[in-house]
Amino acid sequence: MEAEEEYLEAEENLEAIITRIEHKSRKIETLLKQSKPVDALKTALEGSALKTRDERCKSANWIVVHRAVMAIKDVDGMISSLDPEYYDILMKYLYRGLATGDRPTCDQCLRIHEKLTEKAGLGCILRSLSDTVNTV
Amino acid sequence: MAAVAVHQFAECITCHAWSPDQSMVAFCPNNSEVHIYKLFGEKWEKMHVLSKHDQIVCGIDWSLKSNKLVTVSHDRNSYVWSQEGTEWVPTLVILRLNRAALCVQWSPKENKFAVGSGAKSICICYYEQENNWWVSKLIRKKHESSVTNVAWHPDNILLATTSTDGKCRVFSTYIKGVDSKESESSSSDLKFGEQIAQLDLSVTWAFGVRWSPSGSILAYAGHNSMIHFIDDVKSNPSAQSIPLRDLPLRDLLFLSDRVVVGVGFDCNPMIFTADDTGLWSFTKFLDQRKAAPSSSRGSQLSEAFGKLYGTSKQVPSNDTVEPSKPRGGAHENCITCIVPLWKRGNTTLCRFSTSGLDGKVVIWELDIPK
């Protein structure tokens with residue numbers, strides 16, 4: 001009974017989630033035009049609906065995060081100004097990026113992965129690999 | 001304030017336990033035997049080899065007051081060994097398991113012991129005087145997967161378990177005739193096998209559950225490099241989950257109500273302390289490595305990732321992966337077991353020993369601020 005209720009709640013919220021992602025996307029475009037790639041990434045990572053199982057929401061959020069990730073030029077600067085609470089979720093998106101197989105995406109993700117691992121440690125990688133509940 | 005002694009006993013040690021006077025150590029060298037060594041001055045001598053089990057002995061506990069050894073093995077059996085003269089005499093305990101036993105611990109009063117198993121159940125064994133044997137009572141319900149660790153609450157009745165289903169559970173193991181009815185506990189909790197609490201903090205396998213000395217705090221480690229602390233499990237649980245920077249922990253030990261030592265795949269014990277408000281945090285690694293921390297981290301990671309980052313230039317490499325170099329600490333491989341070494345008369349624990357897959361038993365000593 002409880003699981004059913006949760007599912008229905010999620011259904012209603014899907015539209016809300018998609019709207020929020022579209023909102024984020026516009027904000028990110030503005031920030032990138034203002035040459036603020038780090039803020040753009042933070043906006044992209046914030047409020048990601050990790051518990052939802054809906055693939056559309058996940059893909060929509062991934063597109064937004066991908067846009068912000070590809071716009072990063074100064075990886076060291078970005079990592080040092082990123083709050084630690086975002087490490088785990090950024091790592092999850094990096095693995096999603098590496099899984100695409102697309103050459104420019106993988107190159108960029110690998111570059112960021114190296115610096116993020118140095119900063120956040122191996123525990124960050126472990127958490128992103130082992131978490132099957134909060135997925136991207 | 002670190003490793004006091006390092007002893008290489010075998011190629012690999014599964015688990016270990018110390019005798020009540022700490023002159024002898026019993027361990028399983030990754031086979032079906034239990035070796036007992038005694039320290040004579042500076043040298044260790046093998047005193048006994050207990051070989052009743054058919055498969056690897058994965059749990060050993062030595063009771064401090066009654067001087068009995070309990071061993072459990074993957075062969076689904078358990079033996080209670082008592083020392084008679086110079087010999088160790090085994091008594092078979094029929095656990096009634098159809099899967100391997102994974103861990104064992106004597107209760108604080110040493111009248112019971114708990115065994116966690118791969119059969120998704122726990123066995124609580126107690127001694128029946130009339131028939132002169134150990135009886136096993138099973139708690140079969142609730143667990144969805146193997147039970148990796150068990151921990152007794154100081155009240156001798158509550159038992160906490162961790163399992164590969166990621167959950168930590170607390171059960172009542174009250175047995176009529178063995179446990180006396182305490183006037184403070186409510187009668188509803190007293191039923192044998194009753195689940196008092198279930199903690200769903202970890203999405204991955206859970207290991208190393210322990211109660212604090214006062215019994216008010218419960219801690220366990222998750223395989224996703226996190227450690228969880230839960231306060232006041234029975235009535236109003238409040239949890240803190242700390243993500244670790246490095247590799248996961250396998251076992252924990254409370255040195256006091258405010259200090260916890262965690263050991264695991266980093267091969268280096270980690271200290272966690274709680275401040276006055278009860279907020280836990282990682283304090284430091286115990287082992288001083290030869291290389292400076294920042295450079296060793298860089299070299300470790302570039303060793304592992306060097307080839308990965310380097311291949312973006314499409315260079316074909318024929319060299320094989322280098323074996324991991326010893327990192328200059330006391331342990332060279334994963335630490336799987338941590339055992340307290342109480343000093344007579346002390347109320348806070350400051351000595352403990354660890355054993356690992358490198359076959360070493362290392363004794364550590366700390367100064368604990370009150």
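Two strands count as paired if DSSP finds at least two bridges between them. Keep that rule in mind on this tour, and remember that the model you have open is predicted.

**Stop 1: a sheet in chain B**

Begin with B:Phe171 and show what faces this residue across the strands: B:Phe171 stands opposite B:Gln195, which belongs to β17(B). Now widen the selection to residues 168–172 of chain B, which make up strand β16. Between β16(B) and β17(B) there are 4 bridges, and the two strands run antiparallel.

Next, bring in the rest of the sheet. It is an open sheet of 4 strands in chain B, ordered β14-β15-β16-β17, and the pairing is antiparallel. Select 147–152 and 195–199 of chain B to find the edge strands, β14 and β17, each of which pairs on one side only. Turn the view to look across the strands: on average, neighbours in this sheet are turned by 20° against each other, direction ignored.

**Stop 2: the hairpin of β2 and β3**

Stay in chain B and select residues 15–18, strand β2. Show the side chains here. B:Cys15 and B:Ala17 point one way, B:His16 and B:Trp18 point the other way, and all of them are buried.

Add residues 24–28, strand β3, which pairs with β2(B) in the antiparallel sense over 4 bridges. Which residue of β3(B) is the bridge partner of B:His16? Click on B:Phe27 to see that partner. Then follow the chain through the 5 residues between the strands and pause at B:Gln22, which takes a positive phi near 60°.

**Stop 3: the hairpin of β22 and β23**

Move on to residues 249–254 of chain B, strand β22, where 5 of the 6 residues are buried. Its partner is strand β23, residues 259–264 of chain B, joined to β22(B) by 5 bridges in an antiparallel run. Pick out B:Leu252 and you will find B:Gly262 of β23(B) opposite. This hairpin has 4 residues between its strands.

**Stop 4: a cavity in chain A**

Finish in chain A. The count of cavities of 30 Å³ or more comes to 1, and the largest cavity holds about 60 Å³ of space. To frame this space, select lining residues, including A:Ile17, A:Ile21, A:Cys57, A:Lys58, A:Asn61 and A:Tyr93. Colour α1 (2–33) and α3 (55–70) of chain A, the elements that give two or more residues to the lining. The largest share, 3 residues, comes from α3(A). What is the character of the lining residues? They divide into 7 nonpolar, 4 polar and 1 charged.

How values were computed. Residues numbered from 1 in each chain as written. Chains lettered and ligands numbered in written order. Predicted model: local features only at pLDDT ≥ 70, side-chain atom pairs only at ≥ 80, totals over all residues. Heavy atoms only, no water. Axes fitted to C-alpha atoms, helices over the stretch in contact; angles between N-to-C directions. 1 Å grid on protein atoms, 1.4 Å probe; cavity = no way out; pocket = protein on both sides within 12 Å on 5 of 7 lines; lining within 4 Å. Points joined across faces, edges and corners; volume = space filled by probe spheres on them. Nonpolar A, V, L, I, M, F, W, Y, C, P; charged D, E, K, R; others polar. Buried < 20%, exposed > 50% of the residue type's maximum accessible area, 1.4 Å probe, protein only.
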